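User: Please take a close look at the aromatic ring pairs in this model. I would like one connected account of how the rings are arranged and where they sit.

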Amino acid sequence: MSGAEVVAVYPNRIKIAVHEIAHLGGGEPVEVGSYLRISDTNASSIIAIIENYSIEARGGESTNGEREKLYIIEAVPLGFIGEDGSFQRGGGGIAIPPKDVKVASHGEIQKIYDTLGNDIRRFHFAQLSQDAKVNVPVDGDKFFNRHIAVVGSTGSGKSHAMARIIQAATEIRDRERGEYSLNNSHVVIFDIHSEYLSAFPDANYLSADSLVLPYWLLNSEELQSLFIESVEEQSHNQVATLKRGITENRRKHYQGPEDRRDLIHYDSPLFFDIGEVIAYIQGLNEEMVQGANNKLVNGPLKGKLANFLTRLENKYTDRRLDFLLGTKVKDPTLEEVLRQFTGYRKDRPSNVTIVDLSGVPFEVLSISVSLISRLLFDYAFYYKKSHSEGKAETPLLVVYEEAHKYVPRSDLSRFSASRAAIERIAKEGRKYGITAAIVSQRPAEISETIFSQCSNFLAMRLTNPEDQRYVRRLIPDSLGPLTDSLPMLSSGEALLLGDAAVMPSVVKLKEAKPAPSSSDVCYMQEWIRPWHDVTFAPLLEDWEK
């Protein structure tokens, strides 16, 4: 016996009195977060985790003259181990009061996480923080088929955690057919700080220089977000003129069956020439029409589109936007654009596509994310629809790094397109094999519609009280004492919970190898070195481009 006694049992808590902590641990350390096995006489046990403890001093004195101490431990039940050794969530089926309390052994804890067995769905990327020998797998189907949220303050290890998960997924091989150099995983990462290329050196890498994102694939909302200022007096005329000019130009360049030309509309994913549309609007802004007595008078829009034209021409000639509006985006087909993002490159297929957004101007960041997200959703939708069995055979994971920058909880019109595209993935994507991983240091600033659709959470250290409250409120499988640990987690530690987890657990993730380039700058190491001169020419050349 451990010298411990159960003194109270509540629906979500067990109180235990212990005279000698050393006896309870049997030589193993006992601390907040340790796992206990609480048993009855029928070999049935509850596994509980220590939430807190207090020390009570008794009236009498011990043999050494000190007052006797009694340790009061409060533990939260996690699950139930039956007589056959299997683990189930919940705490039923045990006689009251339990008879014995002791620290759970390594084997007993591992048994909890081994309920998945060696099933092909078993996916492993972390160990138990309390005991690094205990592997903590998840149900891979439930993990990737439900949306994922990875949240944590700066320096908590989010990028390392996400890279580690992706590396583990891309290493999995078909166990029935043998080893392959390239498995069928498909991951698209929106990399806003240019961190992930070092972790995936063989990735399909798309920077602002190599990215091809044709403007003619933008939908009406994205086009208006790019070109229209809604606060301007003539914005209604600008919208109507843009819509008419683009629709007519799409029909002009259409090369398909003639009887389908009239079916083309503003949102049709067909080519139009933006230069010709600008010339069309220029004509309307200068138009003179026949008036009374054959006298020329100003047209209805003469002079009213001047600001609109200036904005269009500035965007069209801005070399920073060549990936979106330049000449290189006029020739690629829709298939070539889709291959670019899905990793189906003819020269070198790749599991991972990195879309480096660090060189994308902020004013078009949201639009770029919106268009790519929408194309990926449509690809998943039409792939499943076009196959007779209706199977999603090329499921996609889309990683939104620093998601609060382009899908914030904001009513500003410039975020409406990206919010709509990502919310569509969040609400409908899992039916078509496209899942979102939302990565952010400020979860409280993310669209609640998107965040609330996440069913699996990796919550790393969060120091902001508002973010802590937000995560606690949205987590569907919340366990009070575990979420209380959010501000105290060390780098690389995380609270793992959700549909895919056997039970909520504080886990430790090994660093990704190779690692993303997201480490903190070593100021003192750099500052104590001898003076380092800077060659400004390549820096300025890149800047000026």
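Analyst: This is a predicted model. F125 and F143 are both buried. The structure holds 15 aromatic pairs, and F125 and F143 form one of them, with 5.4 Å centre to centre and 40 degrees between the planes, a tilted arrangement. F125 belongs to strand β8 (residues 122-128) and F143 to helix α3 (residues 140-145), so this pair ties together parts that are 18 residues apart in sequence. Ring pairs also join F125 and F143 with F123 and F144 in a cluster.

Another pair is made by F381 and Y432: the ring centres are 5.1 Å apart and the planes stand at 70 degrees, so the pair is edge-to-face, because planes over 60 degrees apart count as such. F381 is in helix α11 (residues 365-386), whereas Y432 is in the loop between α12 (416-428) and β17 (434-440), so the pair ties together parts that are 51 residues apart in sequence. As for cover, F381 has a relative accessible area of 22% and is therefore partly exposed. Y432 has a relative accessible area of 18% and is therefore buried; the cut-off for buried is under 20%.

Aromatic residues also occur on the surface: Y523 and W527, together with V521, M524 and I528, form a nonpolar patch there, with about 680 Å² of accessible area together. Within this patch, V521 lies in the loop between β20 (505-508) and α16 (523-527), and V521 counts as exposed because its relative accessibility is 60%.

Conventions:
Residues numbered from 1 in each chain as written. Predicted model: local features only at pLDDT ≥ 70, side-chain atom pairs only at ≥ 80, totals over all residues. Heavy atoms only, no water. Patch = residues over 30% accessible without salt bridge, like charges linked within 9 Å, V, L, I, M, F, W, Y side chains within 5 Å. Areas by Shrake-Rupley, 256 points an atom, 1.4 Å probe, with all protein chains shown as cover. Salt bridge = Lys/Arg side-chain N within 4 Å of Asp/Glu carboxyl O. Helix = DSSP H or I, 4+ residues; strand = E, 2+ residues; numbered from the N terminus. Buried < 20%, exposed > 50% of the residue type's maximum accessible area, 1.4 Å probe, protein only. Phe/Tyr/Trp six-rings, centres within 6.5 Å; stacked < 30°, edge-to-face > 60°.
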